[in-house]
There are 2 protein chains.
Amino acid sequence: MTDGRAGSIHNGETLLFLTDEQLRQGIEAMFFAYRGFTADPDRILADMAYGRAHHRAVHFINRAPGTTVNNLLSILGVTKQSLNRVLRTLIEDGLVESRVGESDKRERHLFLTEDGKALEQKLSDAQRARIRMAFRDAGPEAVAGFRTVLEAMMDREMHHTYQRLKDSGS
Amino acid sequence: MTDGRAGSIHNGETLLFLTDEQLRQGIEAMFFAYRGFTADPDRILADMAYGRAHHRAVHFINRAPGTTVNNLLSILGVTKQSLNRVLRTLIEDGLVESRVGESDKRERHLFLTEDGKALEQKLSDAQRARIRMAFRDAGPEAVAGFRTVLEAMMDREMHHTYQRLKDSGS
DNA sequence: CTTGGAATGTCAACAACACTGACATATGCT
DNA sequence: AGCATATGTCAGTGTTGTTGACATTCCAAG
């Protein structure tokens, strides 16, 4: 586990990428890239009374309009108290609408208002611009590999959630 | 920018990956994968009085022993007050040693003690195990693409820092 | 040798975002 | 009627980040 050259002993070509050094580079790449990933929306949000949590909520409500609070909770992986704090401000500010469920009146279905959609667009455009650039520079094959590795990195449950969203989108 | 099918009009093969839907999938993949990325160390740290910030500090001190506080500051991208709070507890608990610089006595050079190295190992082993699994499942080509995209996603400065660390490691 | 600036450390206050635990309300199901 | 579910809320706490202000130490230029 900590010998520093796992795998490379047997085959210098196919297993070289599993050395501890390669793994560490992957770890650091994730760390630095995630900073870039959130940098642009963070800059926009810093000028408002909102933070990264609001961005996430708005993103997934836009992604799955009418989603319930419970569903959003499982996607975001936070407690209801934490999500509620964010949702409350978004509803108060008129960015999110909460409608009582028709079949099950205990549920609240969440939708973005026009203002909410505008904010989502603003944040997503900034984030997408960077990803688009990165994807374009890296090329289609690199992007495919990127996604393959990320999917393999997720917890089982998150992977299911991700796939469900993916299938519903296109 | 928001027409939902950037590029795909002209060429269904090579530019398909730049649609807004593809970009959104990439964004969500990053979000879910990063949760998996930090999940294992977080579980270990939850039982101690430490958090993710301590993990990051310990990681980069281990990576570049003798690094100065200022250097660590630029790597981590936080304020000195924030880093200092973390470093103080690590030093108090005997995990990190701070040595006054020989040539420039204003500088403090940071080293892990034996206990500090033990913690770093414990945390990194947990994180590396997941990355190793993901890399192995995805294969060398996917890993190469993964790294290419992540590097393209970094800010310019972070990319320099990342490269410097990468070159010093192997 | 004095002075300016750089590197570091520290104090205080604050904000964002997460957590736990407890409790209330409305609703659905058996 | 009674239990479970979905949601909301209040109170308290912890980690991590921020600003702003200030002290100390020390190098280096004048």
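Two residues count as being in contact if their C-beta atoms, placed from the backbone, lie within 7 Å. Keep that in mind as you click around, and remember that this is a predicted model.

**Stop 1: where the two chains meet**

Select chains A and B together. The contact between them takes 58 residues from chain A and 58 residues from chain B. Now highlight just chain B's side of it. Four helices of chain B each supply at least two residues there: α1 (20–46), α5 (114–138), α6 (140–153) and α7 (156–169). Which helix gives the most to this side? That's α1(B), with 17 residues. Try colouring chain B's side by residue type: you'll get 29 nonpolar, 13 polar and 16 charged residues.

**Stop 2: the axis**

Next, superpose the two protein chains. A turn of 180° with a shift of 0.0 Å along the axis lays chain B on chain A, with an RMSD of 0.1 Å. The two copies are therefore related as by a two-fold rotation axis. Looking for a landmark? In chain B, the C-alpha nearest the axis belongs to Phe146(B), 1.8 Å away from it. Both copies use the same surface, too: 100% of the contact residues of chain B recur in chain A.

**Stop 3: chain A by itself**

Hide everything but chain A and switch to cartoon view. You should find seven helices and three strands. Trace the chain from its start and the order reads α-α-β-α-α-β-β-α-α-α. Of the 170 residues in chain A, 38% count as buried. Take the contacts in chain A between residues at least 6 apart in sequence: 46% of them join residues at least 24 apart.

**Stop 4: how sure is the model?**

Colour chain A by pLDDT. The mean is 90, and 89% of the residues reach 70 or more. Among the helices and strands, strand β3 (residues 108–112) of chain A scores highest at 98, while helix α7 (residues 156–169) of chain A is lowest, at a mean of 91. Now select residues 1–12 of chain A, where pLDDT stays under 50. Where pLDDT is low, the predicted coordinates should not be read in detail.

**Stop 5: DNA strand D**

Bring everything back and select DNA strand D. It is surrounded by 26 residues, and the closest are Asn70(A), Gly51(B), Ala53(B), Thr79(B) and Ser82(B). Elements giving two or more residues to this surface are α3 (69–76) and α4 (80–92) of chain A, plus α2 (52–63) and α4 (80–92) of chain B. The most come from α4(A), which gives five residues. Colour the surface near DNA strand D by type and you'll see six nonpolar, 10 polar and 10 charged residues.

How values were computed. Residues numbered from 1 in each chain as written. Chains lettered and ligands numbered in written order. Predicted model: local features only at pLDDT ≥ 70, side-chain atom pairs only at ≥ 80, totals over all residues. Buried ≥ 20, exposed ≤ 12 C-beta atoms within 10 Å, placed from the backbone. Nonpolar A, V, L, I, M, F, W, Y, C, P; charged D, E, K, R; others polar. Least-squares fit on C-alpha atoms with pLDDT ≥ 70 in both. pLDDT = per-residue confidence, 0-100. Near = placed C-beta within 6 Å.
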